[in-house]
Amino acid sequence: TINADNQKISESFLVPMADKLFLIGTGGSVIRKVDYTDTLIEVSGNGNYYIQYGKVGSKIELYGINGERYWQKNSMEKPFLSYNGKLILLLNGDQSGIRIFDANGNTIGAGQISGRLCTSIEFSEKNDFGACGFIDGSYHFINQNGAIINSGNSPAGNAVKGIRISSNGKFGFVHYGNTVKDSVRIVDIEDNSYEDSAIESVHTVKTTMNISDEGYGAIFDNDKVLLYDDDCDLQFKLNVPKKRPGFSTLALENGIYALGYTKNTGESQLIVFRKNGKIF
């Protein structure tokens, strides 16, 4: 996608700061700036679209990054927008239901997903597949047409603490557990099969995860990154400085991971490593 300044929006980074959102090009220049004072926004991963909604309000609106206004809906739900903006999920106030829409604001696919207290909604990194999990242990994977392509439940109804879906929509990665033990599950979505493995830490807040198109999963387990193959067998354990509870991110591109988080000491940390556990 090329904007008016002849720069590729699809080759950009989203940088939110207070009441502004910046689209930064790979050369470091600002491609676009969006002001959203007194409102909240949800932005598509490619930076082409955003949904604006009130901190306390009854309307949500879809915009293009250049200011085009596409539609407005009367809704008090929390919107989530997929990478290319083709899939829109609206989470209701008590987090028990998710409505499914396309970029035109039309209900699509399954229409709605229900569960007890949604704990995680995520989208694939490059395409428009979605995933969601609930505290009752149920989880669902969704394609860009809003159809549920795989569903399941964690053992004994353990809470889903995190979930991811690969860019090609073939594999899912589920983090679940309770107050005593946590585990991960790699799901082969097409075959409707899965394998599980226990992890060492018990997580009380969400931690970052990633799943590759080949079904290789990675999870940040407080003071280490655990890397699993498509059978959910542990392949590598990468020890890193312990994190502080809160935001973390784990991105994968061309076999290279980038882990970002705040250390327990309060300083930020960036670690770049290969999928075989070798640190750059």
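Below is an informal back-and-forth on how the labels for this predicted model are earned.

User: What should I keep in mind about the model and its numbering?

Analyst: It's a predicted model, where local features need pLDDT of at least 70 and side-chain atom pairs count only at pLDDT 80 or more, while totals for chains, interfaces and linings use all residues. Residues are numbered from 1 along each chain as its sequence is written, and side-chain values use heavy atoms, with hydrogens and water left out.

User: How many helices and strands are there in the protein?

Analyst: Zero helices and 26 strands. Both are DSSP runs numbered from the N terminus: H or I over at least four residues for helices, E over at least two for strands.

User: What makes the protein as compact as a globular protein of that length?

Analyst: Its radius of gyration is 19 Å, and the globule rule gives 19 Å for 280 residues, so the protein counts as that compact. The radius is taken over C-alpha atoms, and the rule is 2.2 Å times the number of residues to the power 0.38. Those C-alpha atoms fill a box of roughly 45 × 40 × 35 Å along the principal axes.

User: Why is Arg-185 called buried?

Analyst: Because its relative accessible area is 2%, and buried means under 20%, with exposed over 50% and partly exposed in between (1.4 Å probe, protein chains only). Buried residues make up 51% of the 280 residues.

User: What makes Arg-185 and Asp-196 a salt bridge?

Analyst: The closest N and O atoms are 2.8 Å apart, and the term asks for a side-chain nitrogen of Lys or Arg within 4 Å of a carboxyl oxygen of Asp or Glu. Arg-185 sits in β18 (residues 182–188) and Asp-196 in β19 (residues 193–199), so the pair ties together parts eleven residues apart in sequence. Asp-196, at 31% relative accessibility, counts as partly exposed. The structure holds 14 salt bridges.

User: How do you know that the pair Glu-77 and Arg-99 links distant parts of the chain?

Analyst: They're 22 residues apart, with Glu-77 in the loop between β7 (69–74) and β8 (78–81) and Arg-99 in strand β10 (residues 97–102). Their side chains meet at 2.7 Å, N to O, in a salt bridge. Glu-77 is buried at 12%, whereas Arg-99 is partly exposed at 30%.

User: Which residues share a salt-bridge network with Lys-224 and Asp-221?

Analyst: Glu-200, Asp-223 and Lys-237 join those two through shared partners. Lys-224 and Asp-221 themselves meet at 3.5 Å, N to O. Lys-224 counts as buried at 4%, and so does Asp-221 at 0%.

User: How do you know that β24, β25 and β26 make a sheet?

Analyst: Two strands pair if DSSP finds at least two bridges between them, and β25 (residues 256–263) and β26 have seven, in the antiparallel sense. The open sheet of three strands runs in the order β24-β25-β26, with antiparallel pairing. β24 (243–253) and β26 (268–274) are the edge strands, each pairing on one side only. The twist averages 15° from one strand to the next, using axes fitted to C-alpha atoms (for helices over the stretch in contact) and angles from 0 to 180 degrees between N-to-C directions.

User: Which residues in β26 are the bridge partners of Tyr-261 and Leu-259?

Analyst: Tyr-261 is matched with Gln-269, and Leu-259 with Ile-271. The two strands form a hairpin with four residues between them, and Gly-266 in the turn has a positive phi of about 105°.

User: Which side chains along β26 are buried?

Analyst: Gln-269, Ile-271 and Phe-273, which point to one face; Ser-268, Leu-270, Val-272 and Arg-274 point to the other and are not buried. In a regular strand the side chains alternate between the two faces of the sheet.

User: What makes the nonpolar surface patch?

Analyst: Ile-256, Leu-270, Val-272 and Phe-280, covering about 370 Å². Patches are made of residues with over 30% relative accessible area and no salt bridge, joining nonpolar side chains (Val, Leu, Ile, Met, Phe, Trp, Tyr) within 5 Å and like charges within 9 Å. Areas come from the Shrake-Rupley method with a 1.4 Å probe; for residues, only the protein chains shown count as cover.

User: Is Ser-248 buried or exposed?

Analyst: Buried, with a relative accessible area of 11%. Ser-248 is in strand β24, and its C-alpha atom is 15 Å from that of Pro-16, 232 residues apart along the chain.
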